[in-house]
Amino acid sequence: MDTKTSKKSLTVFVLAMINVAAICSVKNWPLTAEYGFSSLFYYLIAAVGFFIPVALVSAELASTYPKNGGVYAWVKEAMGHKMGFLAIWLQWIENVAWYPTVLSFVAATLAYVISPDLALNKVYSFFSILILYWGATFLNFRGMKTSGWVSTTAVIFGTLIPGALIIVLGVTWYIMGEPSQIVMTAKSFVPELKNPHQLSILAGVVLGFAGLEMTAVHVRDVQNPRKNFPKAILLSAILIIGLSVLGTLAIAIVIPKENISLVSGGIDAIAYFLRSYGLHWLTPIISFLIAFGAFGAVVAWIIGPSRGLLTAAQDGDLPPILHRVNKNEMPTSMLVMQGFIVSALATVFLFMPNVSTSFWILIALAAMLYSLMYAIMFIAAIVLRHKHPNIERPYSVPGGKIGMWIIGGIGCIISIFTIVIGFFPPENLVLSSLVFYEVFLSVGMVVFIVLPFLILMFKKQSWNLDKAKVTEDEPL
């Protein structure tokens, strides 16, 4: 089935909600809230140096080159086939490392519905990740329309409503004169940066803002993509930045720093809030909604990078078995392979000292891999401005070539800096061995960067098959 004939099922609103579902999550707020008012400092760096450049560059590339494959198509056009494959591979593999972290948050949040003590149980986290991930995978088999509907519903009920509740209760707490756990002054805005470990949180913040380019793989499913894709990016960017800043401050104001957990901090905040207002009975309900919101993020992410990698696969870069799509144009074989890798990575939760350590080490690996992809994407955007100076650009990064150099250059520098800072764990992270931490990240980076080149080195001519031959005719 050719994707050109697929129904235009995504509106500006639905596409924006997919972005918000994929990027904005309550789970990211406690990660930064631990740094108090200076969390805004990290948000400012990430927003100005990374998020805004990604939004602007993605809008230009997606509207100018509305082809299937997203970053794969852009980088391939600018820098050749091998770099295009590396870019989409990095976008795909970093998500594989990220899935266990977000699903551990879902598991910890659901624990408040079942038994709060389970939130820090490693075995419970491991098996919950497996069940939730495979459930999201099989859900995506139903097609983009179903995936988009789930993501939209999840972001409304699982992110916007609980997020608004956290923000409203936090503001109310502050206005009513309840004790604030942070001091909001100009001095407390800038953190003490005595060593690189104090900047390590930037890797988590950058990863929390990553993903706006991901929905470009759905560009052919968008109604009037050249006009509507930039609109969707602008709407989602405003919602993501606004909710993230306000939600993080709300958590930081109410919960003492030492009581914030990287994994379950979001629901800890809700439980703390509700107990303060005599509404503790609402905690299980809100916990379920937050878990649903984070699950919606996984549903949105599972298919995006996989469809991008499918484009590369159908260009002959991966074996024919990974070319397969079902009647809903979903890359079923690719999704199953991805599931096995995620299941293997989830075992890190069984061997780390605690759930928070497992959570962070995978966050760091994902952030570093993704940052490398972004550095490549920014370079490709600059190259394309010079390679195709006269092509029609429905949306352009302001400032012409100089503007692209500035925006793309800033984004590239922050991306590279994030890779370097990722090797320095946060000071308060409990590690059984710093050597293991560094070796895990180093080996992970080297293996996942070298693998796509090895695949291309050993690829066979028989891999370059017409995708119609590997399309499943039977419904799942």
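**Group meeting: salt bridges and helices in a predicted model**

I begin with S39, which lies in helix α3. Please bear in mind throughout that this is a predicted model. S39 counts as buried, because its relative accessibility is 0%. Leaving out residues up to four places away in sequence, S39 touches T32, T248 and L249.

Let me place that residue within the chain as a whole. The chain has 17 helices and zero strands. Of its 476 residues, 61% are buried. The accessible surface comes to about 17,900 Å², and carbon and sulfur atoms account for 69% of that area. If one takes the contacts between residues at least 6 apart in sequence, 83% of them join residues at least 24 apart.

I turn next to charged pairs. Side chains of opposite charge can pair when their charged atoms come close. How many salt bridges does a search of the whole structure find? The search finds four, and I shall discuss three pairs, R385 with E60, E60 with R393, and D315 with K76.

In the pair of R385 and E60, the side chains meet at 2.9 Å, N to O. R385 belongs to helix α15, residues 355-387, and E60 to helix α3, residues 39-64, so this salt bridge ties together parts that are 325 residues apart in sequence. Both R385 and E60 are buried.

E60 also meets the side chain of R393 in a salt bridge, here at 3.1 Å, N to O. Because E60 lies in helix α3 and R393 in the loop between α15 and α16, this pair ties together parts 333 residues apart in sequence. Are these two partners buried or exposed? E60 counts as buried because its relative accessibility is 2%. R393 is likewise buried, with a relative accessible area of 14%.

The third pair is D315 with K76, whose closest N and O atoms are 3.2 Å apart. This pair, too, links distant parts of the chain, with D315 in helix α12, residues 283-317, and K76 in helix α4, residues 71-79, a separation of 239 residues. D315 counts as partly exposed, at 31% relative accessibility. K76 is also partly exposed, with a relative accessible area of 31%. As for shared partners, E60, R385 and R393 are joined by their salt bridges into one network.

E60 has a further contact, made through its backbone. The backbone oxygen of E60 lies 2.7 Å from a polar atom of the T64 side chain. T64 is itself in helix α3, and T64 counts as buried because its relative accessibility is 4%.

Now to the helix that carries D315. Helix α12 has 35 residues and spans 48 Å from its first C-alpha to its last, close to the 51 Å expected at 1.5 Å a residue. Is α12 mostly covered or mostly open? It is mostly covered, since 30 of its 35 residues are buried.

D315 and K76 bring us to H81. H81 is placed in helix α5, residues 81-114. At 26% relative accessibility, H81 counts as partly exposed. Setting aside neighbours within four places in sequence, H81 is in contact with Y72, K76, D315, D317, L456 and K459. H81 and L456 are 375 residues apart in sequence, yet their C-alpha atoms are 9.9 Å apart in space.

From L456 I move to a feature of the surface. Which residues form the nonpolar patch there? They are V446, V450, L454, M457 and F458, with about 500 Å² of accessible area together. V446 has its place in helix α17, residues 434-457. An α-helix has 3.6 residues a turn, so residues three or four places apart point the same way.

My last example is helix α6, residues 122-140. Its 19 residues reach 27 Å from first C-alpha to last, close to the 27 Å expected at 1.5 Å a residue. At the start of α6, a side-chain oxygen of N121 comes to within 3.0 Å of the backbone nitrogen of V123. The buried residues of α6 include Y124, F126, I129, L132, Y133 and W134; polar residues are also on that list, among them S125, S128, T137 and N140.

To close, I return to the charged residues, where E60, R385 and R393 form one network through salt bridges that share partners.

How values were computed
Residues numbered from 1 in each chain as written. Predicted model: local features only at pLDDT ≥ 70, side-chain atom pairs only at ≥ 80, totals over all residues. Heavy atoms only, no water. Patch = residues over 30% accessible without salt bridge, like charges linked within 9 Å, V, L, I, M, F, W, Y side chains within 5 Å. Areas by Shrake-Rupley, 256 points an atom, 1.4 Å probe, with all protein chains shown as cover. Helix = DSSP H or I, 4+ residues; strand = E, 2+ residues; numbered from the N terminus. Buried < 20%, exposed > 50% of the residue type's maximum accessible area, 1.4 Å probe, protein only. Expected span 1.5 Å × (residues − 1). Polar contact = N/O pair within 3.5 Å; in protein donor to acceptor, adjacent residues only side chain to side chain. Contact = heavy atoms within 4.5 Å.
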